[in-house]
Amino acid sequence: MISNSSGPPTFKRQKFLLTFIKSAGGTLSYMDFQKLLFLYLQRTNDSCYEFVPYLYGCYSFQAAQDIETLSAMGWLDKKDESIRLLDSRVPSGADDFFLESFQDEYRNIRGNALVRHVYREFPYYAINSKIAGELMNSDELAVIKQKKTNLKKDAAVVFTIGYEGLSLEKYLNILIQNDVRVLCDVRNNPISRKFGFSKDMLSHAVTKIGIDYVHVPELGIVSDKRKHLSANADYDSLFEEYGKQFPARKSFIDALFSIYMGKKRIALTCFEHDPAHCHRHVLSDYMAAKYHVKVAHL
């Protein structure tokens, strides 16, 4: 029976996780869970969870958070790097036949053997691994190293990126694949209701994949000024006012340019998907005019 359960899971993807763990025998190490989930979703082309090349290979922040949520609800017991299902009567969340076939295929592949399999088949997800050197042979390591080398770019660029409509994993992969070296958060208030994009988690995630994080709230716009924006004229008025404040914010803009000069590829980030509706385009346009930098909107 479920102990201290607060009811059924809220999201379909959480129901799927329970079905997935049940089909794997009810208990998985945390490492095996992430790797098997990744392989299954690659096989089915399902994007309910996305992954990034993290410290031990493919990793889904959202899946990790859902495991925490399901543990708090009493569906799972998570301790000592393992996940155990507490009740087999889980709500249906997957194609049982296909899932069982998948689990049968991987039933006896666990631990290092499973990690090696994922690294061989999907070397991109091993580029930030701390353990690849211990597990892979020289030829396999060369493939992983080449994947990482291929991501490196020479051109110096000031990118801008909004996280609206993106999962944390998709957002991080965009940064990685464009060789962004410093993420410059130009939100005045770096709190978000969207999973993964408040300052603490975002800064933690990017630094773990080798990207520096800086927050420059002085180059943001206070939330109150963004209320009641609808027509283009409203945005034009707001951004005109914002641009007029640049002389008073010169030291902070100069600091961004200094970071750019040192790292060559930086990204200014805020919420809006369309840079035309975000103050970051005003800032990047100013930097292009003043410092003659190349700007690209991701």
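These are my notebook entries on what I looked up in this structure, which is a predicted model.

**Overall make-up.** I began with the whole protein and found that its secondary structure comes to 12 helices and 10 strands. I then looked up the extent of the C-alpha atoms, which fill a box of roughly 65 × 50 × 30 Å when taken along the principal axes. Of the 298 residues in the protein, 47% are buried. For contacts between residues at least 6 apart in sequence, I noted that 71% join residues at least 24 apart.

**Surface and charge.** The accessible surface of the protein comes to about 14500 Å², and carbon and sulfur atoms account for 50% of that area. I also looked up the charged side chains, of which 39 are positive and 35 are negative, and the centres of these two sets lie 3 Å apart.

**His279.** I turned next to His279, which sits in the loop between strand 9 (265–270) and helix 12 (280–291). Its relative accessible area is 2%, and because buried means under 20%, His279 counts as buried. I looked for a polar partner of its side chain and found the backbone oxygen of Leu219, which lies 3.2 Å from a polar atom of the His279 side chain.

**Met73.** My last entry concerns Met73, which I located in the loop between helix 3 (61–72) and strand 4 (76–79). With a relative accessible area of 10%, Met73 is buried. I also looked up its separation from Ile174: the two residues are 101 residues apart in sequence, and from C-alpha to C-alpha they are 33 Å apart in space.

Methods:
Residues numbered from 1 in each chain as written. Predicted model: local features only at pLDDT ≥ 70, side-chain atom pairs only at ≥ 80, totals over all residues. Heavy atoms only, no water. Helix = DSSP H or I, 4+ residues; strand = E, 2+ residues; numbered from the N terminus. Buried < 20%, exposed > 50% of the residue type's maximum accessible area, 1.4 Å probe, protein only. Polar contact = N/O pair within 3.5 Å; in protein donor to acceptor, adjacent residues only side chain to side chain. Contact = heavy atoms within 4.5 Å. Areas by Shrake-Rupley, 256 points an atom, 1.4 Å probe, with all protein chains shown as cover. Lys, Arg positive; Asp, Glu negative; His and termini not counted. Charge placed at Lys NZ, Arg CZ, Asp CG, Glu CD.
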